[in-house]
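Subject: Structure handover and notes

Dear colleague,

I am passing on the structure below, together with notes on what was found in it. Please read the notes with the structure open beside you, and take them one paragraph at a time.

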Amino acid sequence: MKLLTYDSGSGPRCGVLREDLIIDVSALLGVDRTLEDLRALLELGDTSIDRVRGALASDMAAPGLPLALARLRAPVLQPPTVRDFFSFEAHANGQGARTLREAWYRLPVFYFSNTLRIFGPGDDVPFPAATERLDYELELGCVIGREGSDIAAADALDYIAGFCIFNDFSARDLQFDEMAVGLGPAKGKDAATCLGPWLVTTDEMAPYLRDGRLQVKCTVRVNGDVWLDEGDGGAAHFSWGDFVERASKDSRIVPGDVFGSGTVAGGSIPEAIVLGIDGARYLQPGDVVELEVEGIGTLRNRLGPKSNIDPDYRYRPK
């Protein structure tokens, strides 16, 4: 199934896609309140996705809306947490430009991103005023469907509701300054994360899951030009099970939490430049970024104008 969040003019609602028709999940399940996004559905309990699947199979009557008439939102409007991992070696080492520390191969490390700056498919993304090196990052994402702690990697897929596309917009000049100090990334990742276009449930993605990794082809287009062709989503050093085990160790994960896989090799602008992609450069206001992932779909966003603050303001020495 494809589960999504949409707005037809009366506020966000959780929906399920049947061919080109969005079925309202609140009505489909007969719940007594509006489920405003995927997180609200998942919080109904561990069987919530099975309930939607069963209701669709029984062909229960529920309001429907043509997909073309709806505004899609991020599947989870405000995740409880966003953990972004770092699991593709060729991205981590800059396409071979640097040597990684031993710990990278041993630990599936992650950072926490900003849950208050989540954008969905088709949204215009404000261009951060304090950067001159804005980058996209093509990542795979998952949404947690069940609460848990200290989960073994072997059991992890039972906790993943499904998968989406994850675009971690990054202000590289800010990020490099922060990490040179020994703490971060923080402000370099603070402005925008895009999720979408919907969540494809784990059972539907099963044909692509091998050794706990999504063996999917990934493409990046900027203003219609291909900057990454057939990136390999299955080349991750760590599996989704490793992510869940690491995140839940001595901690807690809950429905609606979002994990990013880290950037697929070749899925960032510095890599595109190193690989000699014609026209590759850092992003500018007005650019349209499209990320396409096999089995999931396409996440498209346009960059808006820079924020209206003092243009001389920079996180760098005068």
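In strand S12, Cys164 is the bridge partner of Gly141, and this bridge belongs to the pairing of strand S11 (residues 137–144) with S12, which is antiparallel and runs over seven bridges. Strands here are DSSP runs of type E with at least two residues, while helices are runs of H or I with at least four residues, and both are numbered from the N terminus. Two strands are said to pair if DSSP finds at least two bridges between them. Please keep in mind that this is a predicted model, in which local features need pLDDT of at least 70 and side-chain atom pairs count only at pLDDT 80 or more, although totals for chains, interfaces and linings use all residues. Residues are numbered from 1 along each chain as its sequence is written, and side-chain values use heavy atoms, with hydrogens and water left out.

S12 (residues 160–168) also pairs with strand S14 (residues 193–201), in the antiparallel sense and over six bridges. Within S14, Thr201 stands opposite Gly162, and Gly196 is the bridge partner of Ile165. Strand S12 is mostly covered, since nine of its nine residues are buried, where buried means under 20% relative accessible area, exposed means over 50%, and partly exposed lies in between (1.4 Å probe, protein chains only). In S14, too, nine of the nine residues are buried, so this strand is largely enclosed by the rest of the structure. S14 has further partners: strand S1 (residues 2–7) joins it through two bridges and runs antiparallel to it, with Lys2 opposite Val200, whereas strand S8 (residues 118–119) joins S14 through two bridges in the parallel sense, with Ile118 partnered by Thr193.

There is also an open sheet of five strands, in the order S9-S21-S20-S17-S18 and with mixed pairing. Strands S9 (124–127) and S18 (225–232) stand at its edges with a single partner strand each, so one side of each is left without a neighbour in the sheet. From one strand to the next, the twist averages 20 degrees, taking axes as lines fitted to C-alpha atoms (for helices over the stretch in contact) and angles from 0 to 180 degrees between N-to-C directions. Strands S17 (residues 217–222) and S20 (residues 288–293) run antiparallel and are joined by five bridges, and one of the bridged pairs is Val222 with Val289. In strand S21 (residues 297–306) we find Gly297, whose C-alpha lies 8.4 Å from that of Cys164, although the two residues are 133 apart in sequence.

Which residues does Asp135 contact, once its neighbours within four places in sequence are left aside? They are Asp168, Phe169, Ser170, Arg172, Ser268, Ile269, Pro270, Tyr282 and Leu283, where contact means heavy atoms within 4.5 Å. Asp135 lies in strand S10 (residues 134–135) and counts as buried because its relative accessibility is 0%. The side chain of Asp135 reaches the backbone nitrogen of Ile269 at 2.8 Å.

Arg172, one of those contacts, is among the buried residues of helix H6 (residues 172–181), the others being Asp173, Leu174, Gln175 and Glu178. These buried residues pack against helix H4 (89–92), S10, S11, strand S13 (170–171) and strand S19 (258–268).

Finally, a search of the whole structure finds ten aromatic pairs, a pair being two rings of Phe, Tyr or Trp (its six-membered ring) with centres within 6.5 Å, called stacked if the planes are under 30 degrees apart, edge-to-face if over 60, and tilted for the rest. Phe85 and Phe243 have ring centres 4.3 Å apart and planes at 20 degrees, so this pair is stacked. Because Phe85 lies in strand S6 (residues 82–85) and Phe243 in helix H7 (residues 240–248), the pair ties together parts that are 158 residues apart in sequence. Phe85 and Phe243 are both buried. Phe110 and Phe112, by contrast, form an edge-to-face pair, at 5.3 Å centre to centre and with 85 degrees between the planes. Phe110 counts as partly exposed at 28% relative accessibility, while Phe112 is exposed, with a relative accessible area of 51%. These four residues belong to one aromatic cluster together with Phe163, Trp240 and Phe259.

With best wishes

Definitions and conventions:
A polar contact is a pair of N or O atoms within 3.5 Å; within protein, one must be able to donate a hydrogen and the other to accept it, and residues adjacent in sequence count only if both atoms are side-chain atoms.
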